[in-house]
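Please report on the packing inside this protein chain. Begin with a side-chain contact, then work outward to the helices and rings.

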Amino acid sequence: MTVKLLLGIMRKFTPEGKELVLDLMKQARKSLKGEGMALKDFPLFAQHLGKSGQIEKQLLDKSNSLQSIADDAYKSIKTVGIKRKPGTILNKKTGLQEPIDIDRCSVDMTNLEQNGGYHLSACNIEGETIGLVQLERDPMFFVRKPDKQALHIRYFATNPDYKGVGTEMLRQIINISRQVGYGGRVTLHASTGGIPREFARICKGEINTSCAIKYRKMGFISSESAEITANIDEAIKNGKTGLEKSSKRLEGEMHLPDNVIATYFNIKALA
């Protein structure tokens, strides 16, 4: 649950009610092993603990209930529209925009290089994981560019029921790259193939398009040749999925060019 949501809910209670709600949040976090509580679970968790009545007595408006507060908060942050706003994702099933909650944890070289790299996740309004990325230091980028380092995406999975998850996560990935001193540089190896079970579960085991095509649409270009990038652009123009047989190469090492990094953050191109 985001800070904005929590503040909106808290304003509906007396000071004593605010303390009760905060205590409920703490118990939920402990019970769910630090994962926090989704908005839809707020009334159910209070009922499970037998505290619904106690908390609702502290409501400023007696016509409200825990369920109505949760329902109103849910509706208030969903906006109808086709054009997706920055910081939101589009739910393809409902056609509505929703906020996305992405990890904002501090990242350093230690958690990039230990335990198989750093995992960055994204959740929808209900607290369900809809995006997962494994990040690590690119061991080869300094070979090609000895004076620079880059953050490498090893695996990248997004839920196909939402649009914009990858873009919003990439903003944070670029930010992490800057945070660890890599200047926003990001690399990956684009190919269509098997992925770990936890990633396959999020993307529902679906690989409908070539990863190279997916990443090209996000701004990545081939690190090997302009010709490969041109092949990918041609495939996109012709409506190809990337899974068709082709004599032209549509995969390989890719990176974000400086002008694209700048676009994501609306800043001048990095030197």
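## Polar contacts and packing

The side chains of Thr-88 and Gln-97 make a polar contact at 3.0 Å. This comes from a predicted model. Thr-88 sits in strand E2, which covers residues 88–91. Thr-88 has a relative accessible area of 15%, under the 20% cut-off, so the residue counts as buried. Leaving out residues up to four places away in sequence, Thr-88 touches Gln-97, Glu-98, Pro-99 and Glu-168.

A second threonine can be described in the same terms. Thr-14 lies in the loop between helix H1 (3–10) and helix H2 (15–31). The side chain of Thr-14 joins that of Gln-58 through a polar contact of 2.7 Å. Beyond residues up to four places away in sequence, Thr-14 touches Gln-58 and Leu-60. The relative accessible area of Thr-14 is 19%; because the cut-off is 20%, Thr-14 is buried.

**The chain overall**

The secondary structure comes to 12 helices and 11 strands. The chain has 271 residues, and 42% of them are buried. Take the contacts between residues at least 6 apart in sequence: 59% of these join residues at least 24 apart.

**Helix H12 and its partner**

Which residues of H12 are buried? They are Val-260, Ile-261, Ala-262 and Tyr-264. These buried residues pack against H8.

Helix H8 spans residues 165–179, and its axis runs 10 Å from that of H12. The two helices pack at an angle of about 110°. That angle falls within 65 to 115 degrees, so H8 and H12 are roughly perpendicular. On the H8 side, the residues in the contact are Thr-167, Leu-170, Arg-171, Ile-174, Asn-175 and Arg-178. On the H12 side they are Ile-261, Tyr-264 and Phe-265. By class, this contact has 5 nonpolar, 2 polar and 2 charged residues.

Tyr-264 deserves a separate look. Tyr-264 belongs to H12, which covers residues 258–265. The relative accessibility of Tyr-264 is 13%, so this residue counts as buried. Setting aside neighbours within four places in sequence, Tyr-264 is in contact with Thr-167, Leu-170, Arg-171, Ile-174 and Met-218. Ile-174 is 90 residues from Tyr-264 in sequence, yet their C-alpha atoms are 8.4 Å apart. Where does the polar part of the Tyr-264 side chain lie? One of its polar atoms is 2.6 Å from the backbone oxygen of Met-218.

Val-260 is also found in helix H12. Val-260 has a relative accessible area of 15% and is buried. Not counting residues up to four places away in sequence, Val-260 touches Met-218 and Gly-219. Met-218 is thus a contact of Val-260 and also of Tyr-264. The C-alpha atoms of Val-260 and Ile-221 are separated by 9.9 Å, with these positions 39 residues apart along the chain.

The table gathers the accessibility values of the buried residues described so far.

| Residue | Location | Relative accessible area |
|---|---|---|
| Thr-14 | loop between H1 and H2 | 19% |
| Thr-88 | strand E2 | 15% |
| Val-260 | helix H12 | 15% |
| Tyr-264 | helix H12 | 13% |

**Aromatic pairs**

How many aromatic pairs does the structure hold? It holds 3. One of them joins Tyr-155 and Phe-199. Their ring centres are 5.3 Å apart, the planes stand at 45°, and the pair is tilted. Tyr-155 lies in strand E7 (residues 151–158) and Phe-199 in helix H9 (residues 197–202), so the pair ties together parts that are 44 residues apart in sequence.

The burial of these two residues can be compared. Tyr-155 has a relative accessible area of 22% and is partly exposed. Phe-199, at 1% relative accessibility, counts as buried. The cut-off explains the split: buried means under 20%, so Tyr-155 at 22% is not in that class.

Ring pairs also link Phe-156, Tyr-215 and Phe-220 into a cluster.

Key. Residues are numbered from 1 along each chain as its sequence is written. This is a predicted model: local features need pLDDT of at least 70, side-chain atom pairs count only at pLDDT 80 or more; totals for chains, interfaces and linings use all residues. Side-chain values use heavy atoms; hydrogens and water are left out. Helices (H or I, at least four residues) and strands (E, at least two) are DSSP runs, numbered from the N terminus. Buried means under 20% relative accessible area, exposed over 50%, partly exposed in between (1.4 Å probe, protein chains only). Contact means heavy atoms within 4.5 Å. A polar contact is a pair of N or O atoms within 3.5 Å; within protein, one must be able to donate a hydrogen and the other to accept it, and residues adjacent in sequence count only if both atoms are side-chain atoms. Axes are lines fitted to C-alpha atoms, for helices over the stretch in contact, and angles run from 0 to 180 degrees between N-to-C directions. Angles under 35 degrees count as roughly parallel, over 145 as roughly antiparallel, 65 to 115 as roughly perpendicular and the rest as oblique. Ala, Val, Leu, Ile, Met, Phe, Trp, Tyr, Cys and Pro count as nonpolar, Asp, Glu, Lys and Arg as charged, and the others, Gly among them, as polar. Rings of Phe, Tyr and Trp (its six-membered ring) pair if their centres lie within 6.5 Å; planes under 30 degrees apart count as stacked, over 60 as edge-to-face and the rest as tilted.
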